[in-house]
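Work through the exercises below with the sequence and the model side by side. Try each task before reading its solution.

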Amino acid sequence: KAIEESLDVLRHQGRPTVLEWHVQALIYCALGAPEAEAPLLRLIERSSDDEFNGMMGELARALCEVRRGEDREGYGRLLRFKPELKPTRVQHAFADTLVALADLVSARNRGVAIAAYRRARTVYREIKSTTDLYRVRTHVSALAEKPRELVALG
């Protein structure tokens with residue numbers, strides 16, 4: 001249900017339909033559905049736009065690593081990704097992945113979460129996505145202001 005709601009939000013935002021499959025895969029990975037991980041990564045890799053799907057596969061793999069508790073490895077994979085050279089839709093998916101990663105690790109790894117939110121903020125600013133930029137600024141402010149004990153509790 002959460003996946004369908006997320007896709008509805010994307011449709012209402014006017015995001016390209018092709019992107020929905022890839023974002024859906026990222027959402028599955030972020031929600032912690034390990035049984036969906038392998039089939040969804042294969043779906044990404046077999047789709048029509050080879051370069052785009054390869055990039056989306058990297059983003060999904062980073063989220064899968066984080067879901068398994070490999071926070072630094074997943075974030076490191078994203079840092080090696082160079083969105084500046086990519087189309088806007090890939091940059092947006094990259095920033096969305098950073099936010100999903102930060103949301104996943106915020107309770108257990110505040111440093112990685114804040115770094116991921118800040119990197120997403122930079123990308124959103126570059127692609128002029130003001131709604132997303134505002135949302136991420138709010139996340140960073142809230143997380144940075146929380147005492148460390150409360151962050152650990154979620």
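The exercises that follow concern a predicted model, and they go from the whole chain to single helices and residues.

**Exercise 1. The chain as a whole**

Find how many helices and strands the chain has, and what share of its residues is buried.

Solution. Begin with the secondary structure: the chain holds 9 helices and 0 strands, and along the sequence its pattern reads α-α-α-α-α-α-α-α-α. Next, turn to burial, where 47% of the 154 residues in the chain count as buried. Finally, look at how the chain meets itself: of the contacts between residues at least 6 apart in sequence, 57% join residues that are at least 24 apart.

**Exercise 2. Helix α7 on its own**

Check whether the end-to-end distance of α7 agrees with its 17 residues, and list which of its residues are buried.

Solution. First take the length: at 1.5 Å a residue, the 17 residues of α7 should span 24 Å, and because the C-alpha atoms at its ends are 24 Å apart, the two values agree. Then take burial, for which the cut-off is a relative accessible area under 20%. The residues of α7 that count as buried are Arg 110, Val 112, Ala 113, Ile 114, Ala 116, Tyr 117, Ala 120, Val 123 and Tyr 124.

**Exercise 3. Two partners of α7**

Work out how α6 and α5 are each oriented relative to α7.

Solution. Start with helix α6 (residues 88–105) and helix α7 (residues 110–126), whose axes come within 8 Å and cross at roughly 160 degrees. Angles over 145 degrees count as roughly antiparallel, so α6 is roughly antiparallel to α7. The crossing of these two helices is left-handed. In their contact, residues of α6 including Phe 94, Leu 98 and Leu 101 meet residues of α7, among them Ala 113, Tyr 117 and Val 123. By class, the residues of this contact comprise 14 nonpolar, 2 polar and 4 charged.

Now take helix α5 (residues 71–80), which packs with α7 at an angle of about 15 degrees, the axes being 11 Å apart. Since angles under 35 degrees count as roughly parallel, α5 and α7 are roughly parallel to each other. The crossing of α5 and α7 is again left-handed. Here Asp 71, Arg 72 and Tyr 75 of α5 meet Val 112, Ala 115, Ala 116 and Arg 119 of α7, and this contact has 4 nonpolar, no polar and 3 charged residues.

**Exercise 4. Two residues of α5**

Decide whether Asp 71 and Glu 73 are buried, partly exposed or exposed.

Solution. Asp 71 lies in helix α5, and because its relative accessibility is 7%, it counts as buried. Apart from neighbours within four places in sequence, Asp 71 is in contact with Val 66, Val 105, Arg 108, Asn 109 and Val 112. Glu 73 is also found in helix α5, but at 45% relative accessibility Glu 73 counts as partly exposed. Glu 73 and Leu 63 are 10 residues apart in sequence, and their C-alpha atoms are 9.8 Å apart in space.

**Exercise 5. The residue after α7**

Explain what is notable about the phi of Lys 128, and state where this residue is found.

Solution. Recall first that most residues other than glycine have a negative phi. Lys 128 is not a glycine, yet its phi is positive, at about 60 degrees. Lys 128 is found in the loop between α7 and α8 (130–145), and with a relative accessible area of 69% it is exposed.

Terms used. Residues numbered from 1 in each chain as written. Predicted model: local features only at pLDDT ≥ 70, side-chain atom pairs only at ≥ 80, totals over all residues. Heavy atoms only, no water. Axes fitted to C-alpha atoms, helices over the stretch in contact; angles between N-to-C directions. Helix = DSSP H or I, 4+ residues; strand = E, 2+ residues; numbered from the N terminus. Parallel < 35°, antiparallel > 145°, perpendicular 65-115°, else oblique. Left-handed = near helix turned anticlockwise from the far one by under 90°. Contact = heavy atoms within 4.5 Å. Nonpolar A, V, L, I, M, F, W, Y, C, P; charged D, E, K, R; others polar. Expected span 1.5 Å × (residues − 1). Buried < 20%, exposed > 50% of the residue type's maximum accessible area, 1.4 Å probe, protein only.
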